[in-house]
Amino acid sequence: MLMQFSVKNYKGFKDEILLDFTKTKEYQFNKHAIKDGMINTAVIYGKNATGKTNLGLAIFDLTLYLTDKERIPHQKTLLHNALSVEKYTTFKYIFQLKDNIVKYTYLKDNKSNLYKEEFFVNDEKIFTYNFQSRKIDKGNLGLIKANKLDFDLRDSNISIVRYIASNSGAPKDNVIMQFMQYVDNMLWFRSVENNSYIGFSKGGESIVQKIVDNGLTTKFEKFLKNADIDFNLVIKKDLTGHNILMVDFGNNQFLPFWNIASSGTRALSLYFYWSINFDKISFLFVDEFDAFYHYELAQMIIKQVAKKVNVQAIFTTHNTTLLSNNILRPDCFFVISNNKIDSLPYLTEREIREGHNIEKLYRQREFYEE
């Protein structure tokens with residue numbers, strides 16, 4: 001699980017901003033939203049342009065160096081904060097991977113060239129590498145089976161963590177391989193820009209075609225009906241002989257599903273498309289997840305993920321109806337403002353209890369950082 005993340009000098013974040021999932025309260029309700037003492041399901045609020053999207057992009061920046069999975073152009077554009085005088089952007093991650101605490105830090109310049117990379121396990125230094133001098137400050141490299149590797153690298157921008165994982169021959173249960181597998185299975189997506197996503201997979205696959213090809217039509221139809229979208233779905237062949245998803249209106253009337261789907265139904269289809277892989281995903285970030293949803297549908301999705309899916313998930317939204325102790329709990333709701341982010345109990349002197357109407361308090365600006 002991701003315990004903490006911070007970034008400095010990145011896009012709108014001039015100063016360091018810290019997201020901490022270990023800051024929980026002793027609430028005795030909705031305990032399913034907490035796992036191993038950390039927040040497992042989080043919802044982030046904030047005004048427009050406060051950094052909700054950029055925070056997600058920052059968290060997923062490490063996928064640029066550690067994986068070959070999908071990426072989007074926004075990850076590499078306008079990297080540094082325009083008001084900062086610092087030369088590098090700093091990313092810091094703390095993960096709990098089974099019995100190990102992994103601290104991973106790296107710095108890079110405005111052209112996405114790596115400057116420095118550090119890897120610690122249980123506060124023990126494994127290595128620090130300077131990409132300008134190409135020198136490694138060795139710690140306990142033996143712990144990750146890298147003590148015999150040659151670190152005189154010609155490619156000055158290859159991640160040392162990735163180099164070690166690819167060349168050390170470490171077994172799958174080694175902490176470095178666990179770390180790489182975790183990062184490899186992270187997923188960021190949003191429905192506002194069609195199937196825009198980072199990580200986990202590769203290639204612009206057709207959402208509906210994937211549902212058809214994997215025999216998920218019946219499951220998808222049931223999913224839509226649970227969302228009060230009453231379509232009778234069938235598979236028909238088009239003029240080229242390919243299977244396509246159609247809506248059966250009776251009296252031999254069939255129309256292509258994607259052609260008649262509303263914006264909300266298309267967004268829901270995208271969510272279903274990714275949800276069938278939730279059991280394989282290590283960390284999930286869904287940006288503006290309910291931009292096209294009815295509020296009841298948005299509530300249903302948050303409840304389902306929190307209660308039934310074993311994945312640490314973050315959702316960004318402007319939908320204040322989700323601010324309810326009937327859905328999650330106060331320490332699962334975060335507000336981002338003025339280069340800071342924290343959960344509701346830490347943004348007020350008031351003691352937030354189960355009986356409080358936290359949506360009303362939010363609208364009254366109880367939790368804003370001015």
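This section describes the pocket, the cavities and selected surface features of a predicted model.

The largest pocket encloses about 510 Å³ of space. Its lining is made up of 18 residues, and Met1, Lys35, Leu97, Tyr182 and Ser282 are those nearest the pocket centre. Two elements, strand S6 (89-97) and helix H4 (175-184), each give two or more residues to this lining. Helix H4 provides the largest share, with three residues. Sorted by class, the pocket lining consists of eight polar, five nonpolar and five charged residues.

Two cavities of 30 Å³ or more are present in the structure. The volume of the largest cavity is about 40 Å³. Phe189, Ser191, Ala267, Leu270, Tyr271, Val286, Phe289 and Tyr293 form the lining of this cavity. Three of the lining residues come from helix H8 (residues 263-275), which is the largest share. Seven residues of the lining are nonpolar and one is polar, while no charged residues occur in it.

The second largest cavity holds about 30 Å³ of space. The residues lining the second largest cavity are Tyr129, Phe131, Arg134, Leu153, Asp155, Ser156 and Ile158. In this lining, four residues are nonpolar, one is polar and two are charged. Charged residues are thus part of the lining of the second largest cavity, whereas the lining of the largest cavity has none.

On the surface, Phe249, Leu255 and Ile260 make a nonpolar patch of about 250 Å². Leucine 255, one of the residues of this patch, is located in strand S15 (residues 254-256). Leucine 255 has a relative accessible area of 41% and is therefore classed as partly exposed, because this class covers values between the limits of 20% for buried and 50% for exposed residues.

Lysine 303 lies in helix H9 (residues 295-308). The relative accessibility of lysine 303 is 33%, so this residue also counts as partly exposed under the limits of 20% and 50%. Along the chain, lysine 303 and leucine 328 are 25 residues apart, and a distance of 7.7 Å separates their C-alpha atoms.

Notes. Residues numbered from 1 in each chain as written. Predicted model: local features only at pLDDT ≥ 70, side-chain atom pairs only at ≥ 80, totals over all residues. Heavy atoms only, no water. Patch = residues over 30% accessible without salt bridge, like charges linked within 9 Å, V, L, I, M, F, W, Y side chains within 5 Å. Areas by Shrake-Rupley, 256 points an atom, 1.4 Å probe, with all protein chains shown as cover. Salt bridge = Lys/Arg side-chain N within 4 Å of Asp/Glu carboxyl O. Helix = DSSP H or I, 4+ residues; strand = E, 2+ residues; numbered from the N terminus. Buried < 20%, exposed > 50% of the residue type's maximum accessible area, 1.4 Å probe, protein only. 1 Å grid on protein atoms, 1.4 Å probe; cavity = no way out; pocket = protein on both sides within 12 Å on 5 of 7 lines; lining within 4 Å. Points joined across faces, edges and corners; volume = space filled by probe spheres on them. Nonpolar A, V, L, I, M, F, W, Y, C, P; charged D, E, K, R; others polar.
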